[in-house]
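Welcome to a short tour of side-chain contacts and surface charge. Please have the sequence and the model open as you read along.

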Amino acid sequence: MKLRNKFKFDKRARQSLITYAMVIIAFVVVQILLATGSMTSLMKGLLVPLCVYAILAVSLNLTVGILGELSLGHAGFMCIGAFTGAFFSKCVQDVITIGWLRISIAIILGSAMAGLFGFLIGMPVLRLKGDYLAIVTLGFGEIIKTVVNVVYIGRDENGFHFSIKSNMDLNMTENGKTIVKGAQGITGTPKDATFTIGIILLLVTLFIVLNLINSRDGRAIMAIRDNRIAAESVGINITKYKLMAFSISAALAGSAGVLYAHNLNTLTASTNNFGYNMSINILVFVVLGGIGNIRGSIIGAVILTLLPELLRSFNLDNLRMLIYAIILIVVMLFNSAPSFIQFREKVTAVVKSKLPKKGGVN
Amino acid sequence: MSFLQYLINGISLGSIYAIIALGYTMVYGIAKMLNFAHGDVIMVGAYVIFTTISTMGYPPIVGVIVAVALCTVLGITIERIAYKPLRGASSLAVLITAIGVSYFLQNMALIVFGADTKSFNSIVKFGPFHLGGLVISGETLVTIVSCIIIMIILTTFINKTKAGQAMLAVSEDKGAAVLMGINVNQTIALTFAIGSGLAAIAGSLLCSAYPTLSPYTGSMPGIKAFTAAVFGGIGSIPGAFVGGILLGVIEIFGKAYISSQLSDAIVFAVLIIVLIVKPSGILGKNRQEKV
């Protein structure tokens, strides 16, 4: 009875539990499908990317929905995490042979690095507002992507060598191996990412984000979102909380990047995976899932990742991205256009008045 | 190459950015939205010119006129279907819709024209000119001259005509503009029409100077021009001009003197530094936040 009461009254905790349960149920369903062999290889290949996108969407929602600042450079933090993690795994490939241990350390390092960059970038740019912040974060994302494309790092018995020109400029002895090859990126990262690790990372991400939202710090962050001046006047340290949310969001994006990197043989930084295209894609997940709604972000990421693949299986390969675009526009109009919202309210009012009233509830 | 040569090339590229940035900045000033599909209107314009000149064999000037006309219609249609219903909705919703429109145009071009890169025949049939040690291509000359002409016409239009004054009024205060009897919807449609027509011109100049054309041609110049608009102070027309030219010059100098691979990073780094020092851009107005 006591337990029931607790669930009944703590609405937030119940909502969080539903979100965790949803992820765990999805995991169990996938495991059953895998065990019975009713999953196509295409779907199997999508399992880890789905986790990656879900984590990215949840982490971006922390910036966009909870902090209320538009960031278009989220893929940049993912890029930092991916390259840090892949670099680490490549270096210790022969030392640590247990896959899950290696990727766990890589995730910690990758997210720490991305978080550090989030902190460093956030310090100057979080003073800007709205569209200016959006374009500056977009700029940082592009800078990160461009710089990663010209970095060469190699290792020989004398230690690490670093160059931004070419492989030859590394000046290594003949035993030296190039690890990061400029535009060709990192090849041969151990494929340590599994669906289980992805789901665990997603649960950890959810745990961090949901707990942050429901904490004193989280309420301070949301107060800044709702009214900065009022928040400041009651003594909330704006810079501190903005930076906190932004760095955590960056760190989580970094961890998604590590997962992404360990799912690929070759990791390169191109416009499609770490450029503004990717940042915009993640933003689309967040907005369609519902800004500020963490569970919605996961659902949005999963549906929008599966939708193009679903259209592919209907033999609409040529048209699939076109249909995706149309669906995106229509859903946005239906969800946000003032006239549509009025229309929907009218419809629900009519439906509600026709339904028999339930006694006593609400 | 000499410093002066790089400077001319930079101004030429910057003029293209400035023309594109005008479209961004006008739409932003009036509708307060980031029209992410603007870069793709450039691409559509370039494809229209490509089809009329290379496939149908009409003279370049006909191609440009047809492209401007079609892009104007396209701009108004996009505004009517995708953006107008969202007036009053959150700016993020409009942004995502604009992204949807951008995807739509890219994939439409992909289906109609195919994914392969087309080689674009320059619309400029004269040049290059040799001036001392400098080489000025016909495209460079046409680009810079058109940019200046467009700036003069646009400034005159906004300051001297009723429609232009209506635009200023709407960008200043939409509610007050309605009270003064200005048709806000019409003014916004006009802005989109002008912006998209300019995008078609920018498309013809861009593809003449860099003669390749694919469904993704417009997106990177679009992003850079948007950067230029923010750089100069978004919403300000002289700002778009200054921002565009500066961005082009910085990009070419970065390519020439620092690193060709890092030029994009340099462009964005300069933008970030400018915005941190002057958060509303070079010529932007600083709006005080009120309680």
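## A lysine at the surface

A:Lys240 counts as partly exposed, because its relative accessibility of 44% falls between the 20% limit for buried and the 50% limit for exposed residues. You will find A:Lys240 in helix H10 of chain A, which covers residues 238-261. Please keep in mind throughout that this is a predicted model.

A:Lys240 also belongs to a positive surface patch. Its partners there are A:Arg12, A:Arg216 and A:Arg219.

## Aromatic pairs

Over all chains, the structure holds 16 aromatic pairs. Let us start with A:Phe77 and A:Phe246, whose ring centres are 5.8 Å apart and whose planes meet at 85°, so the pair is edge-to-face. Since A:Phe77 lies in helix H4 (residues 74-91) of chain A and A:Phe246 in helix H10 of chain A, this contact ties together parts that are 169 residues apart in sequence. Are these two rings buried or exposed? A:Phe77 is buried, at 5% relative accessible area, and A:Phe246 is buried too, at 3% relative accessibility.

Chain B offers a pair with another geometry: the rings of B:Tyr83 and B:Phe192 have centres 5.6 Å apart and planes at 45°, so this pair is tilted. Here B:Tyr83 comes from helix H3 (residues 60-83) of chain B and B:Phe192 from helix H8 (residues 184-209) of chain B, so the contact joins parts that are 109 residues apart in sequence. B:Tyr83 counts as buried, with a relative accessibility of 3%, and B:Phe192 counts as buried with 4%. Elsewhere in chain B, one aromatic cluster is formed by B:Phe3, B:Tyr6, B:Phe253 and B:Tyr257.

## A buried salt bridge in chain A

Side chains of opposite charge can pair when their charged atoms come close. The structure holds 10 salt bridges over all chains. One of them joins A:Arg102 and A:Asp192, with the closest N and O atoms 2.8 Å apart. Which parts of chain A does this pair tie together? A:Arg102 sits in helix H5 (residues 99-125) of chain A, while A:Asp192 sits in the loop between strand E4 (186-187) and helix H7 (195-213) of chain A, so the linked parts are 90 residues apart in sequence.

Both ends of this bridge are worth a look for their surroundings. A:Arg102 is buried, with a relative accessible area of 7%, and A:Asp192 is buried as well, with 10%.

## A salt-bridge network in chain B

In chain B, the side chains of B:Glu251 and B:Lys224 meet in a salt bridge, at 3.4 Å from N to O. The pair links distant parts of the chain, with B:Glu251 in helix H10 (residues 237-258) of chain B and B:Lys224 in helix H9 (residues 219-232) of chain B, 27 residues apart. Both residues, B:Glu251 and B:Lys224, are buried; for B:Glu251 the relative accessibility is 4%.

B:Glu251 forms a salt bridge with B:Lys255 too, with the closest N and O atoms 3.6 Å apart. This contact stays within helix H10 of chain B, where B:Lys255 and B:Glu251 are four residues apart, about one turn of the helix. B:Lys255 is partly exposed, at 38% relative accessible area, whereas B:Glu251 is buried. Together with B:Asp264, the residues B:Lys224, B:Glu251 and B:Lys255 are linked in a network of salt bridges.

Conventions: Residues are numbered from 1 along each chain as its sequence is written. Chains are lettered from A and ligands numbered from 1 in the order in which they are written. This is a predicted model: local features need pLDDT of at least 70, side-chain atom pairs count only at pLDDT 80 or more; totals for chains, interfaces and linings use all residues. Side-chain values use heavy atoms; hydrogens and water are left out. Patches are made of residues with over 30% relative accessible area and no salt bridge: like charges are joined within 9 Å, nonpolar side chains (Val, Leu, Ile, Met, Phe, Trp, Tyr) within 5 Å. Accessible areas come from the Shrake-Rupley method with a 1.4 Å probe; for residues, only the protein chains shown count as cover. A salt bridge is a side-chain nitrogen of Lys or Arg within 4 Å of a carboxyl oxygen of Asp or Glu. Lys and Arg count as positive and Asp and Glu as negative; His and the chain ends are not counted. The place of a charge is taken as NZ of Lys, CZ of Arg, CG of Asp or CD of Glu. Helices (H or I, at least four residues) and strands (E, at least two) are DSSP runs, numbered from the N terminus. Buried means under 20% relative accessible area, exposed over 50%, partly exposed in between (1.4 Å probe, protein chains only). Rings of Phe, Tyr and Trp (its six-membered ring) pair if their centres lie within 6.5 Å; planes under 30 degrees apart count as stacked, over 60 as edge-to-face and the rest as tilted.
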